Amino acid sequence: MSDPPFRVRAAQDEDRLALATLFAAVASERTGIATEPPVDVEARAAAWLLDGDILAEAGEEVVGSIHIDASRHGFGEIGMAVAREWRGRGVGSALMEAGIAWANERGLHKLCLSVFTQNDAAIALYRKFGFVEEGRRVQQYRRASGEFWDTIEMGLLLEPSAGRNDL
Ligand SMILES: CC(C)(COP(=O)(O)OP(=O)(O)OC[C@H]1O[C@@H](n2cnc3c(N)ncnc32)[C@H](O)[C@@H]1OP(=O)(O)O)[C@@H](O)C(=O)NCCC(=O)NCCS
């Protein structure tokens, strides 16, 4: 099998603007992630948390990223996005694989996330990696359209041996 046309690596300081630009583009779709326009790209870039951030790049272009917000209580909360034209080509799966490896290395015992109930692609990706539904939040997000959207809470328990108490 040939190598995928993208590579996955830890995000670095010089990636901030590209990460924030991708985030703003996905926000402008108003479907998958909670944030909607307007996005202040410069401010997002400056505030971007690099610890726990892994990106996918094709050539010089950042085409996806996953962020794991590691809590000191041992769980990590995931946010992720792939550029629209790159979806369905394994970028999300490669990012999730790298994210799970990062979480195991960090000694987290669990990963979790919230996903809009109608986000079939994301739910399929999470199920593929073993995430299970843990509950639903009703009318959790007020959208710019005036609608209220429900979320599914999903979780993945990691290797028990990876859990540490010195986080
Ligand atoms: C969710 C998202 C990250 C998935 O990334 P991706 O690169 O398309 O994912 P992959 O190509 O690795 O596909 C992963 C699995 O999801 C499934 N899938 C992909 N697109 C799908 C779709 N439109 N409908 C149903 N299932 C889909 C496939 O079955 C695939 O599994 P397979 O490899 O066994 O075929 C991407 O769609 C995205 O960025 N969406 C907008 C932002 C978003 O919703 N973020 C998540 C917020 S919770």
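A residue is counted as near the ligand if one of its heavy atoms lies within 4 Å of it. In the predicted model described here, 22 residues surround the ligand, and among these Val82, Gly88, Ser93, Asn119 and Lys128 come nearest. By residue class, the shell around the ligand divides into twelve nonpolar, seven polar and three charged residues. The ligand itself sits in the largest pocket.

Several elements of secondary structure contribute to this shell, with strand S4 (75-82), helix H3 (91-106), strand S5 (110-116) and helix H4 (120-128) each supplying at least two residues. The largest share comes from H4, which provides six residues of the shell.

Polar contacts to oxygen atoms of the ligand involve both backbone and side-chain atoms of the protein. A polar backbone atom of Gly88, one of the residues that come nearest to the ligand, is placed 2.8 Å from a ligand oxygen, and a backbone N or O atom of Gly92 likewise lies 2.8 Å from an oxygen atom of the ligand. For Ser93, the contact is made through the side chain, an N or O atom of which is 2.6 Å from a ligand oxygen. Of the 940 Å² of accessible area that the ligand has on its own, 70% is covered by the protein.

Strand S4, which supplies at least two residues of the shell, is paired with two other strands. With strand S3 (residues 61-70), S4 pairs in the antiparallel sense over seven bridges, and within this pairing Ala81 of S4 is the bridge partner of Ser65. The two strands form a hairpin with four residues between them, and in the turn Gly74 has a positive phi of about 105°. The pairing of S4 with S5, by contrast, is in the parallel sense and extends over three bridges; here Phe75 has Lys110 in S5 as its bridge partner. Both strands of this parallel pair are thus among the elements that each supply at least two residues of the shell around the ligand.

A further hairpin is formed by strands S6 and S7, with five residues between them and with Gly146 in the turn having a positive phi of about 100°. Strand S6 (residues 132-142) and strand S7 (residues 148-157) pair in the antiparallel sense over seven bridges, and the bridge partner of Arg137 in S7 is Thr151.

Terms used:
Residues numbered from 1 in each chain as written. Predicted model: local features only at pLDDT ≥ 70, side-chain atom pairs only at ≥ 80, totals over all residues. Heavy atoms only, no water. Polar contact = N/O pair within 3.5 Å; in protein donor to acceptor, adjacent residues only side chain to side chain. Areas by Shrake-Rupley, 256 points an atom, 1.4 Å probe, with all protein chains shown as cover. 1 Å grid on protein atoms, 1.4 Å probe; cavity = no way out; pocket = protein on both sides within 12 Å on 5 of 7 lines; lining within 4 Å. Sits in = over half its atoms within 2 Å of the grid points. Nonpolar A, V, L, I, M, F, W, Y, C, P; charged D, E, K, R; others polar. Pairing = 2+ DSSP bridges.
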